[in-house]
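The following exercises practise the reading of a protein model. Each task is followed by a solution in steps.

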Amino acid sequence: MHDNMEIPVGPQHPALKEPASFRLSLSGEKIMQASVRLGYNHRGIEKACEERTYIQDLYLIERICGICSHAHSTAFAQAVEEIAGVNLPKRAAYIRTLVGELERIHSHLLWLGVAGHEIGFDTLLMYTWADREIVMDILANVTGNRVNYGINSLGGVRRDISPEQVRQIAKAMDALEERTKYYIELASVETTLINRLSGVGVMSKKDVLRLGTVGPTARASGVARDVRKDDPYAAYAEINFNVVTDNHNDIYGRTIVRLGELMESFNIIRQVIKNLPDGPIAVKVARKIPSGEAVSRYEAPRGEDLHYVKANGTESPERVKVRAPTLANIQSVAFMLEDRYLADMPIVVAAIDPCFSCTDRSIAIKDAEGKGKKKKIVDWESLRLHGIEWYSKQGIDFTALNKRFKR
Amino acid sequence: MLKALFNILIFPGFLFLIIFGLAAEFYDRKIYARFQNRVGPPWFQPFADFVKLVAKENIIPEQADAYVFKLVPVFALTSVVTAFFYIPLWKTGALYSFNGDMIVVLYLLTIPTVALFLAGWYSCSVYSTLGAMRSLTQLFAYEIPLLTSILASALLANTWSLSKITVFYSLHPGLWAFNLLGFIISVVTLMGKLEKGPFDIPEAETEIVAGSLTEYSGKLLALFRLTIDIEMIVGASLLAAVFLPFGLTLHPAIGFILFLLKVLLIVSIISLFRTVLARLRIDQMVNFCWKYIAPLAFLQVLINLIVKWTLVR
């Protein structure tokens, strides 16, 4: 048997929900070295934002991520509102908080199921995803959509909440709280689950600070970092809640943190619907945003989401920059993988709750073997030529077709 | 001659095993789904899957050894079907038996695992190789406890023949209750053998895609899947014969129904464990088998020795 076997996990692999490539150098079952490659899902959203108006951008930005779509659109809206000097109506801030927390609940339940699947515990996946439907129904009811809610507008929100909906939300929270308590109990007694999660993907507090991880990944190592507390936005300044931390430093700790955050989210939502202020849900914002720049932070379910917007006095932004939480966390994955078992690889990657399409910022072309030539960055025109050339090598020629459609 | 052919090919041989194996797969999948709050597949799903796979093209990787690649599924299937003839089912005594057939059955039941190893090894893909290595590592962990617990039961009956074991327990009703520990041990190890439940490490989907079977497709994959289904029946029948040897002297029809129920009981236990446990790591699996299961199996041997000296004279 070879001493060091190279095993490719990705770009296509059952453990990954999105394309990313991990090359693991194995000695038996042990991972000696891991390298991460991203860039399979680059969509050029930042660039596209510069060619659209602010309103259009809001919807485009929302589509950065299917899971934390509200996080991105709120972060962007906050940045634009700051440049435009708009004061958000209180009711709008509360509704944004509400949708944000509902999103956190659905994201954490989804994560719990994915984590279960990665360690071969499909029953947990089936249970949590069935419970997740409760919150998905509430989201569909409140915003009109299950994903990509489209509730934000510049200067407020687009839909109000009726007393009937408030009642439904309160009922759903009770049901979900009961289920979450069951999962917390499960996580504290189920031996195989504990054996698979504890001691895996260990990152000390020092490493967390050095690698700059965010969100539950950092909080599970005792770093109480939460934008909702550190730099309150929307209605978080007026709400009582705890930042859940844990000292396990491993994936078991991250599970406990996420379960604890679910309980906090129920608490936050109850406070929001109880103290929902009256008043308008939006103010008008001019189509042209004055020159200026702003950075906005948002605590997405995966961690701190950061948006930078630069305005130049026109209808479109001059520059939009998104730093999704996965970008901050992905550095830690290679670190956590080293000297671990191959069997731990899927859960270590899943434990940061990765979202690769949020993270990808460029496409780099490498030869298939990954050896030899240096990486080269490809611009739009040469990418197009590369495509034409590649297809003509395969014997497919689009010239006639292009002529027919006058391209 | 004609009767022997009928026995081998139709009942209780090949055809019966195919139908029962696929039906048991459906039962396993259905209750697994119901445990998970899912609807589960319709009754014909395993049959439909089988027909679909058989209708598909065989793709053999360029680097793979085509001869071994094609041969091992047939090899595995033949060995499990052969093992079935030596197991007493619904009456005392099997279709064929000789002194020492217990060892032969256990040996024949090891062949599918070895076939899986060869299949993975000769596929020449990284995932298959890893799956093959894991299959073999797992074999060394569960085989000894399984053998020991069955041996303990045979020790009490003072014979190496499965048929004579059932005869002995029919003559001494109630003695099988001493083997309950061995029964639990062998169900756990059978899960390892079938690569099910928390021991599905060699085919861990999220790590090594499908393990040894990653490169398999079409008819060859269908054969392998059929082998695993039939192995489940044969393994469960073996445990039923050795550890649950009651009702074998009743009317054959009642005995037959009892046999089906015993097999389904064992399949249910396996499904239940599959539902409530997460997959172990290979090191945890080996540790678990050697630290807890193997000593318990030896404890069963000790219990049976004491029972033999005190009760059975």
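Two residues are in contact if their C-beta atoms, placed from the backbone, lie within 7 Å. The model is predicted, so that local features need pLDDT of at least 70 and side-chain atom pairs count only at pLDDT 80 or more, while totals for chains, interfaces and linings use all residues. Residues are numbered from 1 along each chain as its sequence is written, and chains are lettered from A and ligands numbered from 1 in the order in which they are written.

**Exercise 1. Determine where Val86(A) is placed and which residues it touches.**

Step 1. Helices (H or I, at least four residues) and strands (E, at least two) are DSSP runs, numbered from the N terminus. Val86(A) has its place in the loop between helix H3 (69-84) and H4 of chain A.

Step 2. A residue is buried if 20 or more other C-beta atoms lie within 10 Å of its own, exposed if 12 or fewer, and partly exposed in between; the C-beta atoms are placed from the backbone. Val86(A) counts as buried because it has 20 C-beta neighbours inside 10 Å.

Step 3. Leaving aside residues up to four places away in sequence, Val86(A) touches Glu81(A), Gly155(A), Val283(A) and Val285(A).

Step 4. Tyr149(A) is 63 residues from Val86(A) along the chain, and the C-alpha atoms of the two are separated by 22 Å.

**Exercise 2. Describe the sheet with the order S1-S2-S3 in chain A.**

Step 1. Two strands pair if DSSP finds at least two bridges between them. The sheet is open, has three strands and shows antiparallel pairing. Its edge strands are S1 and S3 of chain A, each of which pairs on one side only.

Step 2. Axes are lines fitted to C-alpha atoms, for helices over the stretch in contact, and angles run from 0 to 180 degrees between N-to-C directions. With direction ignored, neighbouring strands of this sheet are turned by 20° against each other on average.

Step 3. S1(A) is joined to strand S2 (residues 21-27) of chain A by five bridges. Pro8(A) has Arg23(A) as its bridge partner in S2(A), and Val9(A) stands opposite Phe22(A) in S2(A).

Step 4. Seven bridges connect S2(A) with strand S3 (residues 30-37) of chain A. Here the partner of Phe22(A) in S3(A) is Val36(A). S2(A) and S3(A) form a hairpin with two residues between them, and Gly28(A) in the turn has a positive phi of about 65°.

**Exercise 3. Describe the sheet with the order S6-S7-S8 in chain A, and name the helix that packs on the sheet.**

Step 1. This open sheet of three strands has antiparallel pairing. Strand S6 (292-300) and strand S8 (317-323) of chain A are the edge strands, pairing on one side only.

Step 2. On average, and with direction ignored, neighbouring strands are turned by 15° against each other.

Step 3. Helix H12 (residues 325-337) of chain A packs on the sheet and touches S6, S7 and S8 of chain A; the direction of the helix makes about 130° with that of S7(A).

Step 4. Strand S7 (residues 303-311) of chain A is joined to S8(A) by six bridges. One pair is Tyr308(A) with its bridge partner Lys321(A) in S8(A).

**Exercise 4. State how many residues each chain gives to the contact, and place Pro346(A).**

Step 1. Chain A gives 24 residues to the contact and chain B gives 22 residues. Strand S1 (5-9), helix H4 (90-118), helix H5 (122-143), helix H7 (191-197) and helix H13 (345-351) of chain A each supply at least two residues of the side that touches chain B. H5(A) gives the most, with five residues.

Step 2. Ala, Val, Leu, Ile, Met, Phe, Trp, Tyr, Cys and Pro count as nonpolar, Asp, Glu, Lys and Arg as charged, and the others, Gly among them, as polar. The residues of this side of chain A divide into 15 nonpolar, five polar and four charged.

Step 3. Pro346(A) lies in helix H13 of chain A. Pro346(A) is buried, because 25 other C-beta atoms lie within 10 Å.

Step 4. Not counting residues up to four places away in sequence, Pro346(A) touches Ala15(A) and Glu118(A), as well as Thr206(B) and Glu207(B).
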